[in-house]
Amino acid sequence: MAEESDLEKTEPASERRLEKAREEGNVARSRELTTFVMLGTACAGLWFAGESLGTSMSGALHRGLQFDRASAFDPSHMLAQTGLMAMHTLTAIGPLFAMMIVAAVVAPLMLGGWLFSTKSVGPNFSKLNPLAGIGRMFSAQSLAELFKALAKSALIGGVAWWVVSRDIGALMDLMAQPAHYALPHAMVLVAKHCALIAATLFLVALIDVPFQLWSYYRKLRMSREDLRQEHKESEGDPHIKAAIRRQQQQMARRRMMAEVPKADIVLTNPTHFAVALKYTDSGMRAPRVVAKGTELVAARIREMALEHKVAILEAPPLARALYKHTKLGDEIPAGLYTAVAEVLAWVYQLRRWKTEGGDAPRTPTDLPVPADLQYTVEAA
């Protein structure tokens with residue numbers, strides 16, 4: 001039951017899935033919204049410019065029906081007249097066409113926003129599968145689209161019949177009017193009829209837009225297994241990440257161990273902690289921690305210190321404080337300056353004694369560690 005529940009697409013689409021769908025050109029679209037916007041734009045254009053457009057078209061028709069002797073005997077004159085008439089017609093209807101083009105571009109952006117994807121226009125040979133095509137023809141989505149198309153056709157057809165039947169008398173009167181009167185009146189009637197039909201399309205779009213959004217997000221729903229897989233892909237496989245972390249730790253440890261032979265002193269707990277310090281007059285304001293560790297790492301630091309003849313001092317409170325309050329490469333805390341200075345003085349005396357002889361230097365004890373920097377083993 002748990003496996004079945006994981007495979008059911010009950011979870012909303014993640015942001016990554018939505019972005020991927022958008023990259024593939026898959027966004028919510030409503031053809032009804034586009035149709036309404038284009039028809040509404042045409043109605044607005046006809047409503048505000050219907051009379052002037054009718055007058056222009058009437059003039060173009062009047063000039064087109066004129067016939068003179070020059071046109072009969074000179075074909076070039078006829079072509080010039082035809083071109084002139086075409087220019088007048090294009091000038092008259094050009095603004096309306098421009099508005100329609102703008103509406104055709106803007107309408108899809110109202111729902112899905114601006115999108116340019118080459119994947120959506122690329123070849124998809126899976127769509128050539130006849131069995132898949134037949135399956136899409138008889139799918140629930142296709143049946144819903146068919147029902148919607150029939151309902152829309154019936155609604156718009158009924159509204160169109162009702163609108164035209166109301167003005168049938170005015171339409172019949174147009175035949176008895178001169179052309180220069182009839183065409184502007186016809187444009188006004190067409191604009192009124194289109195506006196009523198556009199209002200019907202607005203109701204259709206008002207229903208279709210929420211349906212398309214619901215259908216779009218429903219198709220992109222994910223199962224719990226999809227979410228887990230996506231999280232694994234985005235965050236990385238935990239096993240691989242753990243292996244990478246182990247490798248990084250090993251590399252960092254090797255780099256740290258390479259610094260132990262260069263250290264001036266290794267402070268120990270004596271067995272639980274080990275901290276290696278390095279100080280040079282040039283480029284350092286205070287001694288730095290070049291290596292540190294506990295348990296096995298501490299033992300390895302001590303081994304390398306003995307191997308490369310680096311001084312080792314058993315100073316549990318100071319070693320624990322340095323381990324707790326510093327990171328690799330950090331300068332020691334100001335509160336430990338006095339204790340570390342005493343240790344380094346002992347290291348320099350020890351080096352001079354080994355080369356020049358004399359009395360062995362006294363090993364420092366009771367090194368001062370402020371209470372706020374102390375770190376006990378029990379606290380660890």
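**Exercise 1. Locate Glu15 among the helices of the chain, and decide whether its side chain is buried or exposed.**

Glu15 lies in helix H2, which covers residues 15-23; helices here are DSSP runs of H or I with at least four residues, strands are runs of E with at least two, and both are numbered from the N terminus. Before going on, note that this is a predicted model, in which local features need pLDDT of at least 70 and side-chain atom pairs count only at pLDDT 80 or more, while totals for chains, interfaces and linings use all residues. Residues are numbered from 1 along each chain as its sequence is written, and side-chain values use heavy atoms, with hydrogens and water left out.

The next step is the accessibility of Glu15, whose relative accessible area of 59% makes it exposed, because exposed means over 50%, buried under 20%, and partly exposed in between, with a 1.4 Å probe and protein chains only.

The last step is to look at its surroundings: Glu15, Glu19, Glu23 and Glu24 form a negative surface patch. A patch is made of residues with over 30% relative accessible area and no salt bridge, where like charges are joined within 9 Å and nonpolar side chains (Val, Leu, Ile, Met, Phe, Trp, Tyr) within 5 Å. Asp and Glu count as negative, Lys and Arg as positive, and His and the chain ends are not counted; the place of a charge is NZ of Lys, CZ of Arg, CG of Asp or CD of Glu.

**Exercise 2. Name the residues of the nonpolar surface patch, and place Val106 in its helix.**

The patch consists of Ile101, Val102, Val105, Val106, Leu109 and Met110, which together have about 530 Å² of accessible area, a value from the Shrake-Rupley method with a 1.4 Å probe, for which only the protein chains shown count as cover. Val106 belongs to helix H5, residues 75-112, and is partly exposed at a relative accessible area of 40%.

**Exercise 3. Work out which parts of the chain are linked by the salt bridge of Arg351 and Asp264.**

Start with the pair itself: the closest N and O atoms of Arg351 and Asp264 are 2.9 Å apart, and a salt bridge requires a side-chain nitrogen of Lys or Arg within 4 Å of a carboxyl oxygen of Asp or Glu. This pair links distant parts of the chain, since Arg351 is in helix H14 (residues 337-356) and Asp264 is in the loop between helix H11 (238-259) and strand S1 (265-268), 87 residues apart. Arg351 is partly exposed at 41% relative accessibility, whereas Asp264 is buried at 5%.

For contrast, take Glu303 and Arg300, whose side chains meet in a salt bridge at 3.3 Å, N to O. They are 3 residues apart in helix H12 (residues 295-307), which means that about one helical turn separates them. Glu303 has a relative accessible area of 46% and Arg300 one of 38%, and each is partly exposed. Elsewhere, salt bridges that share partners join Arg285, Arg288 and Glu331 into one network.

**Exercise 4. State which residues are buried in H13, and what covers them.**

The buried residues of H13 are Leu318, Ala319, Arg320, Ala321 and Leu322. Their cover includes S1, S2 and H14. As a last step, set this beside the whole chain, which has 14 helices and 4 strands, and in which buried residues make up 31% of the 380 residues.

Note on methods. Contact = heavy atoms within 4.5 Å.
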